[in-house]
Amino acid sequence: MDINANVKIPGTISGLVISLEIVAALSPGLLLLWLLVSPKLNLKSWWAASFGLLCLFSVQVMSYLIFDINANAKNPGTISDLVIALEIVAVLTSAVLLVWILVSQKLNAKPRSNSEDVTTVGDLFKQNSTDSITEKWLISREIGTIELTNALAGFTSSSSVSADAKFILIIDNLDRINADKVKELWSDMELIAGTTHRQFRIIVPYSARHVAKSLLLEGHTGREFISKRIPVTFTVPPLITAGWQDTFREMWKETVNERIDFSCAETMQILERWRTAEYPRMTPRLLKKLVNDVHILLMTVPAEAPEEYVLLALYVVFVRYNESDVMALLRFDENDSINMQPNEYEDKLQATKAQLNRLFMNDTNRWSEFLMSIHFQASVELARTELFDLPLTEAVNSWDAVALEKLTGMYGFSHAWQRCAGRFNMYDWMETVIKLSDDTLIKIKEELTGAVARLNANYALSEREIFRESFTQSLKFLEEKGYLGTEDFMVRQKNYVVAELNKLQKMPENDEVYVRELLKEADLYSAIFKTNLLDQIENDVSGKFYSMYLLNERENLPNLCISTISLIGAEQENMLRHLLLTEAHGIFNPNVIRFFALSSRAVENIVNNENANLPENIVSKLGLLRNSGSNENINDLRYVIFNPEWYDSKITPNLKKQSIISENYPEEFAAHLVAHLVAIKNYSEIPNYAEGYENNLNYIKFLSFYFRYARDFNVVVDALKDTQSSAYVKDAIKILFIENHLGLINTVDYVNTYYPLLKSELSDVDYMSPIVNRERGLLRNINEKNIAKISVEFLEDIFSRNLLNRFKKKLHTISQDIISSKEQLYIAFKTIESNRSLVLRRMASAGKYVNMTAGISLFADWYRNIGGVQLKAPNNVRLIWSCINEVQRSEILKELHDVLMEVGTLKDNRLKVIHDFHDVINFAEPEGKTSRRAIAALFNLTSSDEILRSWLNAQQFTFSAWPRAEAETVSQVINENQDNFPDIISRSSFIRNRLPVLVPEQDDTNVEGNKD
């Protein structure tokens, strides 16, 4: 473009600028030319770089060429033709370079070896390159024919050599060099054979296959060169290995052991089993090498017995020839082989161990120790120490379970342990073995037994050993795994621990570290012996000891079952006093409050303060509340409930003014005030503080907590009687029943008053369980004087359920007093209190009958003698009769039957008997012609007495046996009132025959009972 501008308008572009542009345009070509003439550079990478640059240049120029052609097409002459020609040349430069490279390759083509690199077009694009490494070699001048002839002539023409002397040149090991060396050596053989004197003979042991392959050339086989150069060939037959045993026996006898024994035969087995890949055949060289190596080894490790010679040979073959680890033979893996995948090496190893055990009569210690002495080339004692004693002692003393596990898997470990047991203590041993695998623990069970024996001999003999937690932990672990039992030394230590725990209950103040360690050891031994050691102490668990050392330690001492420890009442009081004095733990702590239930003796003793020993800070807490309303500590409010003044209404204003606590703890503050108002029986103010909280779970929980520290059951439950307070306290009381947090209860008051109250106010509560758990107290307090006060609901519930059987039995006994004498019986006939009547009815329905001792005739006598108002009033005769045993009931019925037959007894009295017993008493015909006038007279009274009429109609009468006058009288009454006696008419033909009108048909089912 600049040249074109200068052509149009000369001087427009500086000549210097045009010159620089020409140089820039020619620079790629100059660079390419320089690369072609520089043979020392790596041209392939430069070719690629040049080709890439030219391609970019061509593309750039192409754009200008298009614009220029377009401009000339529109305005001819606008662009100079020279410029367009130059642009076309520039566009084609990359293509010209590519064509030149291809042509130059064709022109310079020559045969290349496989290793020579050929530059391709792809190499140019991918920028592939080959790095060449150049080395300098010092090559000596080759010996020519003349030099070799002259050198050999020096041998043949020497005056010191006789004319008939022969020179034999042996060229061996051609099969152990590469092909190039074989060719070079073959050329030397041609030179020697062609220039030497006839006195020279050449012997070449070789492998025809290997040499032929090395001399192979294109178009010629290697064997042609062999036959050309070696005219006479002797072929060595293949080795016959079948007879190598005889050769080995001779070698063994000459070199190792002259005696004839099994050592040679056993060694041949080992050699066949462990021969290496280098010796696929049993060559004489291998055999000779083995016997020589064994002989040399004998010089440092003498052998005496035949089996020891075998072990020497095994060490040479296994360790030296096969380069195997000698520990593989010493490792005891009998149990591990069960889980091991089968392989050739393991099979041979097991076969070798079996062979050694057979030769050494299963004395593994002997052959393993001798093998160690061979390996270390030292005495057995020194080798044993090197292999076992020092490593074993160090492993135990440093608690190195990994090293110990390796040692346990080797032969001779048991003997080594017996030797070294005195060099380490059994504490370290037990602490180390628990880190071993289960399979290893099974292997060393004998050593564990030995450790136990040593501990039994010297551990805890006269006093408790110092606590070592890791050691006791190891005993626990081994006992759980079944490797240890409850050994003697463990029993002794456990007993010492129990004894010291027992002493602590009397004197809980002691060194804290000592007590903590003692409790930890007690926890571990509790796990070992599967029993809580705190249950074995003779003294009661101290409440102070519990609060100082056991409280909140459930997770740290799980086997002492702290959450289930029970404290007697006195110790509960001691624990509570200590907590109130020290304020170490809150009274609502789950591990504290679990000991306390509504109305407990411990709380009652503290609140009543009969001994004037109230904890000082309880008094001070009340003073704080009285003097200030800005107290923030909720514990101050909690502790004040143990002050006797809390049960007085005078303190109520001081509690109400605790504004900060009410803001920070609104639910608990409300619960506290409600509990206080219940305690002083001020039910009317309860809604003022509890309204809105009756369904609040936190309020209900805290109120139940405060009730558990209340001193009187009756006071708390009485709040259910008041309609204003019941809604705010019943859910908290319900929790006490559901979770069985009930303490002292007056059982008589409970069954008399509170049982029906609770049943009406609380739902989903077992109201019976509190009294069931206190049945003994109920039995002690109930008697004939207060039986009438028991609530009917309670009696109905216990008789409808299988509960309180002893109490029900006592009720039966009390109720039987009414039949103990005539006076009590006759009083009971007239009147019985409702509860006793209910008990008697339940007795009868349950089949609980009694034996009447006052005389059964009293029943009949009473009916004979009653009169006036009593005849028309209801009585309890039938109820009492139903409670008497069956035999006596039958006798009473007979006497009452006699009353019915007595003419001298008033009709009203006899009617009373029938009214009371009409469903159980039946008429029985007397013998002979005895008068039935008393019965006959009753028929005249039936018109106004339905019960009498029904009873007579149901009886069986044999009128033909009656006196005639009495029978006719009855017949006349029946005839006149046939509708009242249909059953008699249907059964008795005597009556039917005397009826003037048609009567119903005879009842054939009772023919025999109505005979005339």
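1. Contact here means heavy atoms within 4.5 Å. On that basis, and leaving out residues up to four places away in sequence, N835 touches I787, A788, K789, I790, V792 and L795 in this predicted model. The side chain of N835 also reaches the backbone oxygen of A788, at 2.9 Å.

2. The setting of N835 deserves a remark. N835 lies in helix α46, which covers residues 834-846. N835 and I790 are 45 residues apart in sequence, yet their C-alpha atoms are 7.3 Å apart in space. Buried means under 20% relative accessible area; N835, at 2%, therefore counts as buried.

3. A second polar residue to examine is E266, found in helix α12 (residues 263-274). Its relative accessible area is 8%, so E266 is buried. Apart from neighbours within four places in sequence, E266 is in contact with V310, Q355, R358 and L359.

4. The largest nonpolar core holds 253 residues, of which W429, Y709, Y750 and F794 touch the most other members. Helix α14 (residues 306-321) gives the most to this core, contributing 12 residues. Another core lies apart from it and has 11 residues, including I171, M189, V204 and L215.

5. F794 may be taken as an example from the largest core. Setting aside neighbours within four places in sequence, F794 is in contact with V751, Y755, M768, I771, L778, L804 and F807.

6. Does the geometry of helix α26 agree or disagree with its expected span? Helix α26 (residues 512-529) has 18 residues, which at 1.5 Å a residue should span 26 Å; the end C-alpha atoms are 25 Å apart, so the two agree. The expected value rests on 1.5 Å times one less than the number of residues.

7. Burial within α26 includes V515, L518 and L519, and the run E521, A522, D523, L524, Y525, S526, A527, I528 and F529. The elements covering the buried residues of α26 include α24 (469-481), α25 (488-506) and α27 (543-550). Just after α26, K530 takes a positive phi of about 55°.

8. On the cysteines, how many disulfides are there? With a disulfide taken as a pair of cysteine sulfur atoms within 2.5 Å, the count comes to 0. Two cysteines may be cited for their accessibility: C561 counts as partly exposed because its relative accessibility is 35%, whereas C883 is buried, with a relative accessible area of 3%.

How values were computed:
Residues are numbered from 1 along each chain as its sequence is written. This is a predicted model: local features need pLDDT of at least 70, side-chain atom pairs count only at pLDDT 80 or more; totals for chains, interfaces and linings use all residues. Side-chain values use heavy atoms; hydrogens and water are left out. Helices (H or I, at least four residues) and strands (E, at least two) are DSSP runs, numbered from the N terminus. Buried means under 20% relative accessible area, exposed over 50%, partly exposed in between (1.4 Å probe, protein chains only). A polar contact is a pair of N or O atoms within 3.5 Å; within protein, one must be able to donate a hydrogen and the other to accept it, and residues adjacent in sequence count only if both atoms are side-chain atoms. A nonpolar core is a set of buried Ala, Val, Leu, Ile, Met, Phe, Trp, Tyr and Cys residues joined through side-chain atoms within 4.5 Å.
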